[in-house]
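Let's take a friendly walk through a protein model, one piece at a time. Keep the 3D view open and look up each residue as we reach it.

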Amino acid sequence: MSAPAPLTISSERRVPFGPGVIVRRHPAWSFRLDARSLVVCALFLALTCAVFLASLASGTVPIPLREVIDTLLGNGSGGNAMVILEWRAPRALLAALLGSALAISGAIFQSLTRNPLGSPDIIGFASGSYTGALVTMLLVGGGTAQVATGSLIGGIITAFLVFLLAYRGGVQGFRLIIVGIGVSAMLGAFNTWLILRANIEDAMRAGVWGSGSLNGLSVEQLWPVLAVLAVLVPLAVIAGPTLRQIELGDDAARALGTRPNVARLFLIVLGVALTALVTAVAGPIAFISLVAPQIARRLTRTAGVAILPSAVLGAFLLVSADFLAQRLFAPVQLPVGILTVCVGGGYFVWLLVRESKRS
């Protein structure tokens, strides 16, 4: 049997490509939709909405679910509207947005390193963002915008340092991870020294913030985060095909018309920016960027790490973790980072042992 002729499409078209798969092609862009991925995304979007509604209904002042829905539709009473729309909804929305940002960043770095351990909180980029934010907060004394800028600069410098130390005629994923863990440990010691030398009020504020907390976040943080993610997330989705090309190797990527070094630099800056945004707003929240892309890949059964399923899983995980952090020891509210560390730590140990055996 002769081989099928290559598929050439000169205009935008919807093309079936295997069971349950739809490929959308255009002369300037293309993307692939898998039926299983769509089902997984829809399922976890529904679960995220359910946990979101539960977060709005529960608290020191419980509100029946019917009244919560009426308030969201604009028919609630004044008291319910204040509690839900001004206090609870912004925090739950921020949990979803920040969880998606962490998961997308993790998907980018795991794809670039071709290793499930290559998430920004493991290879030191999150620690670098935290260091930049701490330096700005404790030494410079800047406000929210300055802390966000310091977080971004710290993450970029750390990424450059890790890649420089790991480069030996190229960057291998496992070497990058080992170097990143070492840099992260050194930055952790430096961060502790910064906190210890600060005055007691700043040290307490930095310590609570450093555990990764959504406590106290409001609509004031929601709109800036939404504006930044409105730029970064579409860029990450558009870069998805480029990630898959780089996974094939630099020679294959060049043959497909991609400049791998330029694309890799752009993706690194994009991933660091997503991590830095979360760190600047809520502090370093660990393990969402490690766990979410891997769970998404296993559920969707895709060959590589997918951006959109990872984002949906990240939103679900952080919204759920924040809901549990608020309710487990109510009325005491735990920082959400404590819960993600407890849950993600076991997953990290299992993944580390698995990757070591494979290597």
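## A long helix and its surroundings

Helix H3 covers residues 78-113, and with 36 residues at 1.5 Å a residue it should span 52 Å; the C-alpha atoms at its ends are 51 Å apart, which agrees. Keep in mind that this is a predicted model. H3 has a kink of about 40° at Ala89, shortly before the proline Pro90. Most of the helix is covered, with 28 of its 36 residues buried. Just after H3 comes Arg114, which takes a positive phi of about 55°.

Helix H11 (residues 260-282) can be checked in the same manner. Its 23 residues at 1.5 Å each should span 33 Å, and its end C-alpha atoms are 33 Å apart, which agrees. H11 is also mostly covered, with 18 of its 23 residues buried. Following H11 is Gly283, with a positive phi near 85°.

Here are the two helices together:

| Helix | Residues | Expected span | Distance between end C-alpha atoms |
|---|---|---|---|
| H3 | 78-113 | 52 Å | 51 Å |
| H11 | 260-282 | 33 Å | 33 Å |

A general point helps when you look at helices: an α-helix has 3.6 residues a turn, so residues three or four places apart point the same way.

## The whole protein

Now zoom out. The protein's secondary structure comes to 14 helices and three strands. Of its 359 residues, 48% are buried. Among contacts with a separation of 6 or more, 69% are between residues 24 or more positions apart.

## Inside the cores

Which residues touch the most other members of the largest nonpolar core? In this core of 74 residues, they are Leu98, Ile108, Leu112, Phe125, Val225 and Ile285. H3 gives the largest share of the core, 13 residues. Leu112 is a good one to click on: leaving out residues up to four places away in sequence, Leu112 touches Leu243, Ile246, Arg264, Leu267 and Ile268. Another core, of 11 residues, lies apart from the largest one, and its members include Ala133, Leu134, Val147 and Ala203.

## Rings in pairs

Aromatic side chains come next. The structure holds four aromatic pairs. In one of them, the ring centres of Phe44 and Phe316 are 5.3 Å apart and the planes stand at 70°, so this pair is edge-to-face. Phe44 belongs to helix H1 (residues 35-57) and Phe316 to helix H13 (residues 307-327), so the pair links distant parts of the chain, 272 residues apart. Phe44 and Phe316 are both buried. Elsewhere, ring pairs link Phe109, Phe125 and Phe163 into a cluster.

## A serine and two cysteines

Is Ser184 buried or exposed? Its relative accessibility is 14%, and the cut-off for buried is under 20%, so Ser184 counts as buried. Ser184 is found in helix H6 (residues 173-197). Neighbours within four places in sequence aside, Ser184 is in contact with Asp121, Ile122, Gly124 and Ser127.

How many disulfides does the structure hold? There are zero. In general, a disulfide is a covalent bond between the sulfur atoms of two cysteines. Cys49 has a relative accessible area of 48%, so this residue is partly exposed. Cys342 has a relative accessibility of 59%; exposed means over 50%, so Cys342 counts as exposed.

Conventions. Residues are numbered from 1 along each chain as its sequence is written. This is a predicted model: local features need pLDDT of at least 70, side-chain atom pairs count only at pLDDT 80 or more; totals for chains, interfaces and linings use all residues. Side-chain values use heavy atoms; hydrogens and water are left out. A disulfide is a pair of cysteine sulfur atoms within 2.5 Å. Buried means under 20% relative accessible area, exposed over 50%, partly exposed in between (1.4 Å probe, protein chains only). Helices (H or I, at least four residues) and strands (E, at least two) are DSSP runs, numbered from the N terminus. The expected span of a helix is 1.5 Å times one less than its number of residues. The bend at a residue is the angle between axes fitted to the seven residues ending there and the seven starting there. A nonpolar core is a set of buried Ala, Val, Leu, Ile, Met, Phe, Trp, Tyr and Cys residues joined through side-chain atoms within 4.5 Å. Contact means heavy atoms within 4.5 Å. Rings of Phe, Tyr and Trp (its six-membered ring) pair if their centres lie within 6.5 Å; planes under 30 degrees apart count as stacked, over 60 as edge-to-face and the rest as tilted.
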